[in-house]
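User: I am new to this structure and would like a close look at a single part. Please take me through the sheet and what surrounds it.

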Amino acid sequence: MAAIELRNVVKRFGPITAVDGLDLDVPAGICLGLLGPNGAGKSTTMRLLTGQAIPDAGELRVLGHELPGDSKAARAEMGVVPQLDNLDVDVTVEDNLAVYARLYRVKDVGAAVDRALDLARLRERRRDAVDELSGGMRRRLLLARGLVHEPRLILLDEPTVGLDPQIRTELWTLIGELKSRGTTILMSTHYIEEAERLADEVAVMAKGRIIARGHPAKLIGEHAGELTAEVYGPPDRLAEVRAGAEAQGLVVRAAGPAVAIVGSERAGNGEIPSEAVVRAATLEDVFVLLTGEEAE
Amino acid sequence: MSSAGTRTMRRLEPAAIAGVMSREAANFRTYWKGTTFSSVLEPIVYLLAFGLGLGATLVDEVNGVPYIQFVGTGMVATAVIFSSALPAMFGTFVKHRFQNTYEAILAAPVDVEELVSAEMLWIGIRSGFYGCFPLLVTMAFGLNPAPGMLLVPLFCFVTALGFAGFGVAMAATVAKIDQFNYVTALCITPLFLIAGTFFPISGLPEGVQLVAQVNPLHQLVELVRGGAFGFEAVDLARFAFLVAFALLMWRIAISRMTSRLID
């Protein structure tokens, strides 16, 4: 049984269709990265899964529970780590955890708090108010709060958005530990590197639906080939390279100050400019080709 | 281990309500001193200003009750509305719009009905407690203890539930926090002034008297005075009115918050 099953789910906000016929299965025990640009429908999908948005059409099933009718039972078995820090800042670290242990009906609140403190590596700071913690500690606490009841499924909504690289790496380590325990994870992100490092599978979302899905290596092979040639230079030169490559039927995308010729191994002799830097194709190439958006 | 397992979850689960209230209690422990200080000091200031000031210069008694005791018993309603409607309005708005607290709570097995019920209950309990302070202060100014006063926390609790529901509903309705100024000016202040706290409503024009009769604060004032100076049969109807007010506001608050929190 899949941990999450969505069938033809539609969610509209007035004239805007945020989720548009979404089909999504998340098998138990995997980490699925939901990758998409801002406005792709990732956060709305997360809200649908927690019963905070009601679909206009379609079927949702989470851990065997039909949503939205049986949403409360589903929420009891899943943990959610939100995009925004919504900890109670004046309250101590351990009280923040204890409140959520109670909300999740944990029988031994003290043991659950101790376990979560160990996970967040905050045992020494348990009696400190949250606003005395560093940004990284707060983020670890937020993650531990979502895990205080040891859920079978965890939803991570942009877990490292806006964090500096060191804190991001710390969180990736924690999420990696969760993966190794077999917890099912659905992680929305718009960071390519995060999806590449953590996800067993990646689903690329755009305009409210999944447009590609698979293991990162499989997606790269299918959509971007093996190699990407990047050419740097002044705008006139880049326009010339783009036009030349497109005339040869090659796929070209903007890549910041460069143009990237994706699948450059398919180019004939002399079709790739000599100054090009050739590298292995990446998930970022796939993302930009499929969504038309610059990746982060 | 998922704590709640796969059991069916009911509506209005006590565990969910207690969990939300435990969050309020944890936060309250960080600011109770300031809130309690102002809740004790405010009635003293009002009593000194009105009870001693007006009482010493303009009014000796109202219906045979020394003016300071008349005001002191009426001040219970003032304490209740200011410790229920205002915290419910501002607290709910801040938790929803600025702190995203409700998003986190609703991601747990808690529904809007339980969330609103818990918020109202917490405020009701707090106001039931703070509402007694003016009565205690008035005792220092000569009010004799009476057995009926033991019911005052209950009267305050029920009234505060209603005003907490009102505050939550307002928080779910306004678009910006400064719009609470309209609520305060158009609703709370008039209710406070025609409650019969500082003067008997019998002196007001007939139309205003009619409005005062459906003012929950006026019913509370009369019940508190009943507890202090002797109940009448009509006080049962007054209490029933407050219960109905609380129930109505509870359902309105749930409806408004559901519209606000669930897309």
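Analyst: A residue is buried if 20 or more other C-beta atoms lie within 10 Å of its own, exposed if 12 or fewer, and partly exposed in between. B:Asn100 has 16 other C-beta atoms within 10 Å, so B:Asn100 is partly exposed. This is a predicted model. Keep that burial scale in mind for a loop residue of chain A further on.

Now the sheet. It belongs to chain A and is open, with six strands. Their order is β6-β7-β8-β3-β9-β10, and the pairing is mixed. At the edges lie β6 (78–81) and β10 (209–214) of chain A, each of which pairs on one side only. From one strand to the next, the twist averages 15°.

Start at the β6(A) edge. β6(A) and β7 (residues 153–157) of chain A run parallel, and four bridges join them. Across this pair, A:Val81 stands opposite A:Leu156 of β7(A).

Two helices pack on the sheet. Helix α1 (residues 42–49) of chain A touches β3 (31–35), β7, β8 (184–189) and β9 (201–206) of chain A. The direction of α1 makes about 145° with that of β7(A). Helix α8 (residues 216–224) of chain A touches β9 and β10 of chain A. Its direction makes about 105° with that of β10(A).

Next, two loops of chain A. One runs between β5 (65–67) and α2 (71–76), and A:Pro68 is found there. The peptide bond that joins A:Leu67 and A:Pro68 is cis, with omega about 5°. The other loop lies between α4 (109–120) and α5 (135–146) of chain A and holds A:Arg121. Phi of A:Arg121 is near 55°, a positive value in a residue other than glycine. Is A:Arg121 buried, exposed or partly exposed? A:Arg121 has 15 C-beta neighbours inside 10 Å, so it counts as partly exposed.

Back to chain B. B:Asn100 sits in the loop between α2 and α3 (101–107) of that chain. Phi of B:Asn100 is also positive, near 55°.

The helix before that loop has a partner. Helix α2 (residues 67–98) of chain B packs with helix α9 (residues 216–229) of chain B at an angle of about 135°, their axes 8 Å apart. That angle makes α2(B) oblique to α9(B). The crossing is right-handed. Among the residues that meet are B:Thr73, B:Gly74 and B:Val76 in α2(B), and B:Leu217, B:Leu220 and B:Arg225 in α9(B). The contact residues divide into nine nonpolar, two polar and one charged.

Key:
Residues numbered from 1 in each chain as written. Chains lettered and ligands numbered in written order. Predicted model: local features only at pLDDT ≥ 70, side-chain atom pairs only at ≥ 80, totals over all residues. Axes fitted to C-alpha atoms, helices over the stretch in contact; angles between N-to-C directions. Parallel < 35°, antiparallel > 145°, perpendicular 65-115°, else oblique. Left-handed = near helix turned anticlockwise from the far one by under 90°. Contact = placed C-beta atoms within 7 Å. Nonpolar A, V, L, I, M, F, W, Y, C, P; charged D, E, K, R; others polar. Pairing = 2+ DSSP bridges.
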